Amino acid sequence: MLLRKLSTLGAKIESTVGTAETLAAGDCTVNAYNFLIQPEFEFEERQGQGGFGRLASIAGARRGRATFSIDLAYDGSSVPAWADLFLPACGFVKSTSTFYPKTQVPASGSDVKTLTIGGFFNGVRRQIYGAVGTARILLPTGRMGRIEFDFQGIYSDEADVAIPSSINYVNTLPLRVAGGATTWNSVNLCLESATIDLGNVVTARECSTSVAGIDNFVITDRNIRITGNPESKLIATQDRYAQFRDSTEATLSFTIDGPSTSTLVISAPKAQIVAKPMAERNGIMIDQIEWQANKNVDTADQELSIAFNHAA
């Protein structure tokens, strides 16, 4: 019998795209929740003769998927390890302490990376490699922030491998989504929660020379969407219908207080309202708004920024 609680997630940026890394204790320090690593092979059926029965189906390309969530943790003094590890494989690369999206295929020397991601499940290792993915940043007001990741990669053969010994798990407290500011077009928003979906399209690079049938995975498109439920405003305060009707683009910004004077600021400079159905929250009128994070005028790869502003 295997115990689900005796599980650990590990991940490492690949030195060579599409070549699995060996995961050690130092690659298993991020505290992850609800992580699953699943094979997603497509099987080709074979119809038998003389009746309804099937012959053995043939497994196709060896696709796999890893899903998990982590705390939106930040100690206020340095870029967190989870950001340096996972964001480049979601197409977001670092400039000083700010991450921006980048339109790039992972390759030798590229800023966009591929990952080897493994789960050690009480003695059994499941793993994908050559993996890239997408993410959703969850910002529930008054509660801790989370990030949900969804990576696709090549599924490794399963093996009996023990959890690496002497893991020093990172225990930085998650940011509590309160005390900061949320603004759209320079007007403060009071909302109960917001979700930032990176909207990456992940595609397999099929290759007949690979035993798996796939060389690695790449991000082939991105459409960042942000949803939130701010309290409704008078037209004189903010005419959201006119902004919706006229395809208005303006800055949408989330500032989350961190330790001391540090902040995490997530900003979309050209956010556009693409949906605003009416709703209510405990008798309070709200707008269920969806914004699309558009291209920043003529500048590519600036639809969104994730800035870790360290304490002075």
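Which residue in strand 19 is the bridge partner of E249? Keep that in mind while you load the chain. This is a predicted model.

**The whole chain**

Start with everything shown as a cartoon. The protein chain has 2 helices and 23 strands. Its C-alpha atoms fill a box of roughly 70 × 55 × 40 Å along the principal axes. The radius of gyration is 22 Å, which agrees with the value near 20 Å for a compact globule of 312 residues. Buried residues account for 46% of the 312 residues.

**Strand 19 and its partners**

Select residues 249-257, which are strand 18, and residues 263-275, which are strand 19. The two pair in the antiparallel sense over 8 bridges. Now pick E249: its bridge partner in strand 19 is Q272. Between these strands the hairpin has 5 residues. Click S260 there; it takes a positive phi near 55°.

Next, add residues 305-309, strand 23. Strand 23 runs antiparallel to strand 19, with 5 bridges joining them. Find T263, which stands opposite N309 in strand 23.

Then add residues 289-293, strand 22. This strand is also antiparallel to strand 19, joined by 4 bridges. Here I273 stands opposite W291.

While the side chains are on, keep one general point in view. In a regular strand, side chains alternate between the two faces of the sheet.

**Salt bridges**

The structure holds 16 salt bridges. Select E206 and R63 to see one of them; their closest N and O atoms are 3.5 Å apart. This pair links distant parts of the chain: E206 is in strand 15 (residues 200-206), R63 is in strand 5 (residues 63-71), and 143 residues separate them. E206 is exposed at 56% relative accessibility, whereas R63 is partly exposed at 23%.

Move to R126 and E158. Their side chains meet in a salt bridge, 3.3 Å from N to O. R126 lies in strand 9 (residues 124-140) and E158 in the loop between strand 10 (146-155) and strand 11, so the pair ties together parts that are 32 residues apart in sequence. R126 is partly exposed at 25%. E158 is partly exposed too, at 41%.

Now try E148 and R136, whose side chains meet at 2.5 Å, N to O. E148 sits in strand 10 and R136 in strand 9, 12 residues apart. Both count as partly exposed: E148 has a relative accessible area of 31%, and R136 has 33%. Finish this stop with E40, R65 and D150, joined into one network by salt bridges that share partners.

**Cysteines**

How many disulfides does a search of the whole structure find? It finds 0. Select C90 and C28 to see why C90 has no such bond: the closest cysteine sulfur to that of C90 is in C28, 19 Å away, too far for a bond. C90 is buried, at 1% relative accessibility. C190 is partly exposed, with a relative accessible area of 47%.

**Out to the surface**

Select M1, L3 and L6 and switch on the surface. Together they make a nonpolar surface patch of about 380 Å². M1 lies in the segment before strand 1 (7-13). Its relative accessibility is 91%, so M1 counts as exposed.

Last stop: N168, in the loop between strand 11 (159-160) and strand 12 (181-184). N168 is exposed, with a relative accessible area of 65%. Add V30 to the selection. The two are 138 residues apart in sequence, yet 9.1 Å apart in space, C-alpha to C-alpha.

Methods: Residues numbered from 1 in each chain as written. Predicted model: local features only at pLDDT ≥ 70, side-chain atom pairs only at ≥ 80, totals over all residues. Heavy atoms only, no water. Buried < 20%, exposed > 50% of the residue type's maximum accessible area, 1.4 Å probe, protein only. Pairing = 2+ DSSP bridges. Patch = residues over 30% accessible without salt bridge, like charges linked within 9 Å, V, L, I, M, F, W, Y side chains within 5 Å. Areas by Shrake-Rupley, 256 points an atom, 1.4 Å probe, with all protein chains shown as cover. Salt bridge = Lys/Arg side-chain N within 4 Å of Asp/Glu carboxyl O. Disulfide = S-S within 2.5 Å. Rg over C-alpha atoms; globule rule 2.2 N^0.38 Å.
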